Amino acid sequence: MQTPFFAVLILAGSALGAATVGAAETYKPGEHVRGGFQDIAQGFLDRHCLECHDDDAKKGDLSLLDLGPVDETNAAVWKSVWAQVALKEMPPKKNDQPEVVERLRFSDWIIGELQHAMKDKGGFHAHQDPKKGNFVDHDLLFGPLPPDIELTPASSPARIWRVTPQEHITRLNELINTEPKFDPAKPGLRTHGDAVPTNHGGELKLYFGIDRITSVVGGTVAYATAVKSVPAVLSSARKTGFKNYPDFYTINSAEATQILGKAEDILKYMAYGPLSLVGMPEQITDDPKTYDKVKPKGDLRGLPTSIVYNTKVVRPLTPVLDLIKEPEVTDERMRAAVDYLFEALTFRPPTQMESDNYQQIAKDSIAKVGKEDGVFMGLSSIFLDRDALFRPELAESGKPDKHGRVMLQDWELGLAVNHALRYLKPDEPLRQSILEGRMKSREDVQREVTRMLENDSIRKPRILQFFRDYFDYDLAGYICKDTKALAATGVPTRGEAHYRAMFDATASTDRLIELILEEDKDVLKQLLTTQRVVATKTDNTYFGRKHTKDERAAAVAAKKMAEDELHQKETADIHALKEGVAQLEAKIKKAPDDKAVQKALTREKKLLAVAEKAVSKARSDRKRDGGANTEVAEANLTGTEIYARVSRPTFGGGSMKPERILATAPEGQRLGILTHPSWLVSHSDAMDNHAIHRGIWIRERLLGGGIPDVPITVDAQLPVEPQSTLRERMRVTKQQYCWTCHEKMDPLGLPFEMYDHVGIFRTTEHEKPVDATGEIIDSGDPALDGPVANALEMITKLVNSERVEQVFVRHAFRFWMGRNETLNDAPVLQAAHRAYRDNGGSMKALITSLLTSDAFLYRRVERAAKTAASQSRQ
């Protein structure tokens with residue numbers, strides 16, 4: 001029997017691969033892996049893959065026997081192979097494992113080949129996804145490296161970052177509104193420099209003249225319709241995890257068109273104030289009751305004419321105003337307007353050429369359409385400047401070192417530091433440091449970062465955004481709930497009550513995180529184990545305990561008894577008043593001229609009318625609100641007054657309020673943010689918990705593991721069984737084809753079944769005792785592995801793990817560097833972890849270490865890299 005031709009190739013490839021491994025060639029992470037399919041892949045597949053994935057075994061219905069060089073037709077298979085190899089899922093742990101360098105080189109080769117094969121087919125970017133950051137071996141990042149691995153000093157690619165929607169809208173807000181100064185007595189209130197919060201409907205908007213509105217005709221909806229606003233034009237996908245990576249977003253033509261339209265609105269407001277918005281002069285007055293005196297015709301609700309502004313000018317008065325109010329357009333006024341607007345939008349002064357160019361654009365516009373329209377049209381172009389929408393880190397100046405790295409300098413370095421912490425333009429000390437040439441070194445960065453971190457009045461919303469992206473607790477208000485399932489939980493279901501409560505919960509969690517950051521001790525541990533709660537009155541329900549069947553029956557009976565007693569009392573009180581009226585009426589018949597009796601009768605009738613109206617309203621309110629909660633034993637949250645950061649008031653019942661209390665969670669029921677409703681609801685669906693998503697979160701964010709993408713052949717649906725618990729319905733994930741991945745997720749997510757899908761603590765589900773047991777499996781830290789009784793026990797185990805701390809540092813690295821870590825970043829990560837640990841779990845120390853690292857300071861520029869490579873060969 002002759003050996004098949006393909007088998008001969010495999011044997012040859014195996015010999016070649018073995019020779020390559022034996023040569024122990026030094027591996028340099030990040031360098032292109034030279035070699036084709038037969039040189040690199042064929043031998044690896046033969047040694048480590050084909051035993052399970054040939055035509056005979058074909059585990060997982062996958063045969064790799066005929067897998068050839070990477071191309072667009074087999075790219076999906078190769079992507080799967082890459083994930084399995086990088087995560088050490090393949091070959092199985094019971095089999096002989098590849099050498100470290102062999103695995104790394106094979107993984108890098110696949111990425112390079114996929115990038116080449118898919119270059120004209122949309123590209124291959126999976127390895128750049130933050131969710132794939134954990135594909136880099138944790139033990140290699142924080143432990144000893146094999147001697148045949150040679151690291152290159154860390155740097156990041158030269159790039160431009162699109163500004164985030166939050167940063168963009170904050171820049172625009174600076175042009176049209178004023179925000180209050182930081183008040184150390186009320187540190188939780190919205191302050192100048194904070195991000196513009198979402199409103200009670202979850203929308204990110206800024207409103208024109210919000211700081212001058214004194215009254216409005218109509219309610220919340222009418223107000224939102226009437227006030228001119230700027231929505232977040234720049235989009236980012238509503239998804240979990242980090243979003244602000246340079247490779248993720250650009251600007252499309254539709255967004256550019258919207259930006260131009262909003263730019264003209266903003267410029268007109270800068271020039272005219274509310275006069276550019278209103279329809280009648282009486283709308284600008286210091287008398288908020290002006291419409292009580294002036295009765296305009298028609299229904300004003302929802303129209304711009306329903307808003308009343310005061311006469312005090314509080315917006316920034318800028319050269320744009322000077323340019324418009326003066327009849328003559330001079331070069332001096334035009335340049336002042338151009339330069340002011342350019343720095344407000346790009347955060348740096350324009351070069352002479354930039355200033356000249358925009359000035360000429362404005363002049364040309366005036367010549368074509370006249371002064372007013374020409375000024376607005378010409379200046380609008382600055383809103384589309386590259387640096388108004390992107391932050392460049394191109395390192396075009398500066399001398400490359402021997403590794404081809406160029407250190408950021410001056411404005412690029414200053415803006416990189418500024419962006420790492422803030423959404424406003426650089427403050428005066430940082431601006432002067434840049435202008436005076438004192439932003440060129442690691443020491444310069446440390447000086448400015450330390451100064452800003454130590455000053456509470458310098459707001460640093462980027463730090464809070466990191467925790468939002470890391471924990472994903474800010475999605476709760478966007479999880480659409482089934483009305484019937486929501487009602488069964490016992491939370492308020494009237495109108496938008498639940499969703500408002502969730503947006504409130506996000507703001508409350510923001511504030512709790514800020515309190516822990518102020519203390520700056522064991523930050524991660526405190527976030528995961530704190531018993532503190534920042535709460536509203538509604539949270540008494542969400543932090544309550546779900547009644548059992550017997551408790552619910554007793555509560556229903558007690559409620560009925562109380563209602564019956566109250567109804568009887570109200571009826572008796574009304575009857576007594578009616579009796580009093582009847583007696584006085586009888587007296588009047590006998591003595592019709594008795595003035596005292598007449599007066600008493602009039603008084604009693606009024607009392608009866610008031611009482612009847614009050615009783616009718618009380619009964620209607622009880623019927624509408626449902627009265628006492630029979631589903632939940634509400635928590636008794638009490639504590640000191642505190643404030644949370646919310647959107648500006650919208651003159652209606654739906655407005656979010658900043659008032660909160662700092663309370664303590666019910667003992668034995670909660671432990672840190674992962675047990676708060678904001679996080680639990682963010683990781684739920686319309687009708688139930690999402691144990692799989694919660695398990696993935698624990699696996700990725702705390703344990704540093706990775707989960708391969710769901711194969712397209714998998715029907716990722718749980719059976720519809722209304723009377724079965726979630727654990728019972730998840731039995732389908734234990735099928736052999738699924739369990740390989742689900743055993744790393746499900747046992748980590750199911751311990752949170754001690755809470756229902758709105759975050760209420762429970763001991764029963766469908767009248768069955770809740771099973772909240774789980775298990776930590778294959779964590780990478782043997783001390784962690786093992787069964788857990790519930791979420792509280794699991795969290796307690798995790799917070800004491802050094803690995804969990806290191807994984808937290810990895811995520812901080814990704815957020816502040818805007819990219820996934822590589823092996824070359826190992827020294828940076830280890831230094832950041834030491835800084836965090838040695839300073840008692842200090843977030844400030846961690847951030848300072850990252851922002852003064854080579855990965856943050858240096859950029860790898862193509863021209864410099866080629867020069868360095870050429871010099872190294874000489």
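**Exercise 1. Find how many cavities of 30 Å³ or more the structure holds, and describe the largest.**

Step 1. The structure holds 6 cavities of 30 Å³ or more. A cavity is a set of points, on a 1 Å grid over the protein atoms alone, where a 1.4 Å probe fits but cannot get out. Its volume is the space filled by probe spheres set on the points, with grid points joined across faces, edges and corners.

Step 2. The largest cavity has a volume of about 120 Å³. Of the 15 residues that line it, Arg190, Lys205, Leu206, Tyr207 and Arg648 are the closest to its centre. A lining residue has an atom within 4 Å of a point.

Step 3. Strand S3 (residues 205-207) gives the largest share of this lining, 3 residues. Helices (H or I, at least four residues) and strands (E, at least two) are DSSP runs, numbered from the N terminus.

Step 4. The lining of the largest cavity divides into 5 nonpolar, 6 polar and 4 charged residues. Here Ala, Val, Leu, Ile, Met, Phe, Trp, Tyr, Cys and Pro count as nonpolar, Asp, Glu, Lys and Arg as charged, and the others, Gly among them, as polar.

The model is predicted: local features need pLDDT of at least 70, side-chain atom pairs count only at pLDDT 80 or more, and totals for chains, interfaces and linings use all residues. Residues are numbered from 1 along each chain as its sequence is written, and side-chain values use heavy atoms, with hydrogens and water left out.

**Exercise 2. Decide whether Tyr207 is buried or exposed, and list what Tyr207 touches.**

Step 1. Tyr207 lies in strand S3.

Step 2. Its relative accessible area is 9%, so Tyr207 is buried. Buried means under 20% relative accessible area, exposed over 50%, partly exposed in between (1.4 Å probe, protein chains only).

Step 3. Not counting residues up to four places away in sequence, Tyr207 touches Ile176, Asn177, Asn199, Val227, Lys228 and Ser229. Contact means heavy atoms within 4.5 Å.

Step 4. Tyr207 and Asn177 are 30 residues apart in sequence, with their C-alpha atoms 8.3 Å apart in space.

Step 5. The side chains of Tyr207 and Asn199 share a polar contact of 3.4 Å. Such a contact is a pair of N or O atoms within 3.5 Å; within protein, one must be able to donate a hydrogen and the other to accept it, and residues adjacent in sequence count only if both atoms are side-chain atoms.

**Exercise 3. Check the span of helix H8 (residues 253-272), then look at its ends.**

Step 1. The expected span is 1.5 Å times one less than the number of residues. For the 20 residues of H8 this gives 28 Å; the end C-alpha atoms are 29 Å apart, which agrees.

Step 2. At the start of H8, a side-chain oxygen of Asn252 comes to within 3.2 Å of the backbone nitrogen of Ala254.

Step 3. Just after H8, Gly273 has a positive phi of about 70°.

Step 4. Buried residues of H8 include Ile259, Ile266, Leu267 and Met270. The buried residues of H8 pack against several elements, among them strand S2 (159-162) and helix H11 (331-346).

**Exercise 4. Place Thr630 and name its contacts.**

Step 1. Thr630 sits in the loop between helix H24 (595-625) and strand S11 (632-633).

Step 2. Its relative accessibility is 14%, so Thr630 counts as buried.

Step 3. Leaving aside neighbours within four places in sequence, Thr630 is in contact with His547, Arg552, Ala555, Val556 and Lys559.

Note on methods:
On a 1 Å grid over the protein atoms alone, a cavity is a set of points where a 1.4 Å probe fits but cannot get out, and a pocket is an open set with protein on both sides within 12 Å along at least five of seven lines; lining residues have an atom within 4 Å of a point.
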